[in-house]
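Student: Could we go through this model together, beginning with how its chains meet?

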2 protein chains.
Amino acid sequence: MSLDFLEGTLLLKALADETRVQIIHILSCGELCACDILSYFDLKQPTLSHHLGLLEAANLVEVRKEGRWSYYKLNSEGFTHVQAFLTTLASPSEVCLCKQIKPSCCNETK
Amino acid sequence: MSLDFLEGTLLLKALADETRVQIIHILSCGELCACDILSYFDLKQPTLSHHLGLLEAANLVEVRKEGRWSYYKLNSEGFTHVQAFLTTLASPSEVCLCKQIKPSCCNETK
DNA sequence: CTCACATATAGAAAAATTTCTATGTATAAG
DNA sequence: CTTATACATAGAAATTTTTCTATATGTGAG
């Protein structure tokens with residue numbers, strides 16, 4: 001499995017915000033419409049819309065439109081990917097970028 | 001297991017930066033001194049120092065000082081915690097914040 | 001068709017983060 | 001003691017992100 005840094009940082013940036021973390025949490029039990037999510041936060045509607053858009057772009061949530069309502073729920077794809085990314089990122093590998101570094105000032109103690 | 005939102009977002013914010021993700025990657029095979037890490041990046045020394053400080057504060061890396069050198073390596077504690085945080089965050093729970101929301105405009109379809 | 005409501009988009013203001021230069025501290029060499 | 005090197009800290013500049021107001025789109029009710 002190779003590292004997709006672009007997707008990985010997109011996912012991590014989407015997760016790196018208190019509001020979005022809370023959105024994920026209140027969606028953890030199931031689907032909610034945008035207006036119900038909004039009622040939980042002290043934010044304007046376009047701000048929430050922006051956060052939901054970022055989460056959707058990262059495949060952390062998915063939307064289902066019904067009439068004039070938008071129902072949001074978690075998308076397991078993003079969560080699976082970010083967990084896999086972190087695991088791979090922190091694991092040693094033969095093709096690691098560290099192989100490009102030539103020890104200079106200090107003796108390595110590997 | 002309960003959710004520590006403060007620690008969780010600290011960890012996720014530390015991970016949400018291309019440079020820091022790359023630092024973690026080049027440390028994945030073992031210990032490196034700060035000057036060797038620096039040689040890999042097109043950054044000034046104080047900037048790298050700042051990134052390493054954030055990673056250390058989040059328990060994603062740890063330092064060992066030896067003479068005038070600082071050797072950095074990954075700290076598994078942060079990685080374990082962030083993976084656990086994400087799993088818990090996205091899992092349904094009896095005490096979820098979603099229970100505080102009273103369905104308003106739209107009929108829930110749970 | 002007209003109106004009201006739910007949500008999205010555009011663009012500006014505010015806030016947070018990243019990066020830099022300048023400088024300080026600590027350690028080792030001479 | 002003086003100097004050089006590795007790294008940290010302080011504070012300013014640049015960039016990115018978050019939030020807002022204003023407005024547009026799309027759907028259903030009447």
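**The contact between the chains**

Tutor: In this predicted model, 45 residues of chain A are in contact with 45 residues of chain B, two residues being in contact if their C-beta atoms, placed from the backbone, lie within 7 Å. Local features need pLDDT of at least 70 and side-chain atom pairs count only at pLDDT 80 or more, while totals for chains, interfaces and linings use all residues. Residues are numbered from 1 along each chain as its sequence is written, and chains are lettered from A and ligands numbered from 1 in the order in which they are written.

Student: How do the residues of the side of chain A that touches chain B divide by class?

Tutor: They comprise 27 nonpolar, 13 polar and five charged residues. Ala, Val, Leu, Ile, Met, Phe, Trp, Tyr, Cys and Pro count as nonpolar, Asp, Glu, Lys and Arg as charged, and the others, Gly among them, as polar.

Student: And by what turn can chain A be laid on chain B?

Tutor: A turn of 180° with a shift of 0.0 Å along the axis lays chain A on chain B with an RMSD of 0.0 Å (least-squares superposition on the C-alpha atoms of residues with pLDDT of at least 70 in both). That is the relation of a two-fold axis. The same surface serves both copies, as 100% of the contact residues of chain A recur in chain B.

Student: At what angle do the axes of helix 5 of chain A and helix 5 of chain B cross?

Tutor: They cross at roughly 175° and come within 11 Å. Axes are lines fitted to C-alpha atoms, for helices over the stretch in contact, and angles run from 0 to 180 degrees between N-to-C directions. Helix 5 of chain A is therefore roughly antiparallel to helix 5 of chain B, a term for angles over 145 degrees. Helices (H or I, at least four residues) and strands (E, at least two) are DSSP runs, numbered from the N terminus.

Student: Which residues meet there?

Tutor: F79(A), V82(A), Q83(A) and L86(A) meet F79(B), V82(B), Q83(B) and L86(B). By class, this contact has six nonpolar, two polar and no charged residues.

Student: Turning to the DNA, which residues come nearest to strand C?

Tutor: A34(A), C35(A), P46(A), P46(B) and G67(B) come nearest, of the 24 residues around DNA strand C. A residue is near a strand if its C-beta atom, placed from the backbone, lies within 6 Å of it.

Student: Which element gives the largest share of that surface?

Tutor: Helix 4 of chain A does, with six residues.

Methods. Parallel < 35°, antiparallel > 145°, perpendicular 65-115°, else oblique.
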